[in-house]
Amino acid sequence: MTDSHSEGKECPHCGEFVPAMEIEVLGRNRWVQPVCKCEADLQKAELEIYKNAQREREVRELFSISDLGDRFENANFDNFESRPGAENAEKISRYYAENFNEFGLESILLWGIPGNGKSHLAASVHNHLRKQGKVVVFVSMPDLLKKIKNTFNKGHNENEQQILKALNTCDLLIIDDIGAEKTSDWVQEIVFLIIDNRYRRNKPIMATSNMEPKELAGQLGKRSYDRILEISQSIENKATSYRRVVAKERLSKFDHLLRG
């Protein structure tokens, strides 16, 4: 801001000329130099990246952020082995990842028989969004409950509240294998707490399950099931088990020995 008149300046990014503006401040006319819209958008994007990086560091400090493991570390939609019956699950998962900002609270429940690629698709969503600067947590429900139980031991680095805060903070929580956990009143209460906290914060969940949605009510409890039903698009992966196909192919290599 200056008292002297300025003609303006050329934007270093797009070359557009941005004229100076005269404004009144405390009874005196001052000249200010606005930034071009493209420069303002760039600054806003850089600030968003910085804020997300700060938030991810915070989540990492609260909780070991994702349990993808070596198997799914490099999972993506291009290396997903699509088979008959998986077309809709693959198409919707990809669209969800590529248009994540448009969905708000809208979530996905991906279900089907074990071994047919649900976890690979969920990991692909995770890896795609991480590359876009989103803070995403991927964890299996049995492992998550085990992690929370471990916090009951004295001297453990993480406590239950830290874990739950991390699950509330991330942009997307991916729960793999929901419904596989051994149920109890405590389990149902923890599951509801996680789902309800994200619901109240308008933050989505992606879940995979080997169970049909109607079977989840008895496993998760009615409150959690109702929440998931309200916010989620249920998608069945109808493909057969890829693991069985691999096992069958492996066995076929030894057929001649078995027949002999």
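Let me start with the contacts: if we take those in the protein with a separation of 6 or more, residues 24 or more positions apart account for 76% of them. Please keep in mind throughout that what we are looking at is a predicted model. The protein has 260 residues, of which 42% count as buried, and it contains 11 helices and nine strands. As for the surface, the protein exposes about 15,300 Å², and 49% of that area is supplied by carbon and sulfur atoms.

Let me turn to the sheet. Five strands form an open sheet with parallel pairing, and if you trace across it the order is β6-β7-β8-β5-β9. The edges are taken by β6, residues 136-140, and β9, residues 232-236, and each of these has a single partner strand, so that one side of each is left without a neighbour in the sheet. On average, and ignoring direction, neighbouring strands of this sheet are turned by 15° against each other. As a general reminder, the strands of a sheet pair through backbone hydrogen bonds, and they do so either parallel or antiparallel.

At the β9 edge, strand β5, which covers residues 107-111, runs parallel to β9 and is joined to it by five bridges. If you would like a pair of residues to find on the screen, Leu-110 stands opposite Ile-235 in β9.

At the other edge, I would point to Val-137, which is found in strand β6. Is Val-137 buried or exposed? Its relative accessibility is 0%, and because buried means under 20%, Val-137 counts as buried. In sequence Val-137 lies 68 residues from Ile-205, while in space the two are 9.8 Å apart, taken from C-alpha to C-alpha.

Now to a pair of helices. In general, two packed helices are described by the angle between their axes and the distance between the axes. Here the helices are α5, residues 141-150, and α7, residues 185-200, whose axes come within 12 Å and cross at roughly 105°. Angles of 65 to 115 degrees count as roughly perpendicular, and α5 and α7 are therefore roughly perpendicular to each other. Which residues make the contact? From α5 they are Met-141, Leu-144, Leu-145, Ile-148 and Lys-149, and from α7 they are Trp-186, Val-187, Ile-190, Val-191 and Ile-194. Sorted by character, the residues of this contact divide into nine nonpolar, no polar and one charged.

Definitions and conventions: Residues numbered from 1 in each chain as written. Predicted model: local features only at pLDDT ≥ 70, side-chain atom pairs only at ≥ 80, totals over all residues. Heavy atoms only, no water. Axes fitted to C-alpha atoms, helices over the stretch in contact; angles between N-to-C directions. Helix = DSSP H or I, 4+ residues; strand = E, 2+ residues; numbered from the N terminus. Parallel < 35°, antiparallel > 145°, perpendicular 65-115°, else oblique. Contact = heavy atoms within 4.5 Å. Nonpolar A, V, L, I, M, F, W, Y, C, P; charged D, E, K, R; others polar. Pairing = 2+ DSSP bridges. Buried < 20%, exposed > 50% of the residue type's maximum accessible area, 1.4 Å probe, protein only. Areas by Shrake-Rupley, 256 points an atom, 1.4 Å probe, with all protein chains shown as cover.
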